[in-house]
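Below are some remarks for a colleague going through the chain, set out as numbered points. They move from the overall architecture to the strand pairing and then to the interior.

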Amino acid sequence: MGIIYKIQVHDEFYIGSTCDLIKRQTNHRKDCKNINSPLYNCRVYQKCRENDINIVLIPLEEIAGLKGEDLKMLEVPQIIDVAVSFKPILNVLPQTGFDID
């Protein structure tokens, strides 16, 4: 089963997807705190550190039978929907590297 989730930093959001919420949350926390991680300086981690926020993944949608790239394809429309509805958002579109601002 796939899960679309968000990380909320005050009024900003990051949208992601995973098949293992606990493992993904652990990896987000490690990348946020590990200065040697290539993801250390991504926006969501910078905001979490600036605001002393412990990363918590909040499930938005559970999707049976999807994983991997099929799940990622559903993640992008969810990112765009949240960006349009709630802006600001802390994502970079995964397929394009396009920063939503």
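1. Helices and strands are taken here as DSSP runs, of at least four residues for a helix and at least two for a strand, and they are numbered from the N terminus. With that convention, the elements of this chain follow the order β-β-α-α-β-α from the N terminus on, which gives 3 helices and 3 strands. Please keep in mind throughout that this is a predicted model.

2. On the chain as a whole, 39% of the 101 residues are buried, and the accessible surface comes to about 6,100 Å², with carbon and sulfur atoms contributing 54% of that area. Among the contacts with a separation of 6 or more, 56% are made by residues 24 or more positions apart.

3. Which strands does E1 pair with, and in what sense? Strand E1 and strand E2, the latter covering residues 12-18, are joined in the antiparallel sense over 7 bridges, and within this pairing Ile-4 stands opposite Ser-17 of E2. E1 also runs antiparallel to strand E3, residues 58-63, to which 5 bridges join it; here Gly-2 is the residue opposite Ile-63 of E3.

4. The connection between E1 and E2 deserves a separate look, since the hairpin they form has 2 residues between the strands and His-10 takes a positive phi near 55° in it.

5. How much of strand E1 is buried? E1 spans residues 2-9, and 7 of its 8 residues are buried, leaving the strand mostly covered. In a regular strand, side chains alternate between the two faces of the sheet.

6. The largest nonpolar core comprises 13 residues, and those with the most contacts inside it are Tyr-5, Ile-7, Tyr-14, Val-44, Cys-48, Ile-55 and Leu-57. At least two residues of this core come from each of E1, helix H1 (21-33) and helix H2 (43-50), and E1 gives the most, with 4 residues.

7. Apart from that core lies another one, of 5 residues, which includes Ile-15, Ile-63, Leu-71 and Ile-89. Ile-63 has thus appeared twice in this note, as a member of this core and as the E3 residue opposite Gly-2.

8. As a last point, one may ask which residues Leu-57 touches. Setting aside residues up to four places away in sequence, Leu-57 is in contact with Tyr-5, Lys-6, Ile-7, Leu-21, Arg-24, Gln-25 and His-28. Of these partners, Tyr-5 and Ile-7 are also listed, together with Leu-57 itself, among the residues with the most contacts inside the largest core.

Technical notes: Residues are numbered from 1 along each chain as its sequence is written. This is a predicted model: local features need pLDDT of at least 70, side-chain atom pairs count only at pLDDT 80 or more; totals for chains, interfaces and linings use all residues. Side-chain values use heavy atoms; hydrogens and water are left out. Buried means under 20% relative accessible area, exposed over 50%, partly exposed in between (1.4 Å probe, protein chains only). Contact means heavy atoms within 4.5 Å. Accessible areas come from the Shrake-Rupley method with a 1.4 Å probe; for residues, only the protein chains shown count as cover. Two strands pair if DSSP finds at least two bridges between them. A nonpolar core is a set of buried Ala, Val, Leu, Ile, Met, Phe, Trp, Tyr and Cys residues joined through side-chain atoms within 4.5 Å.
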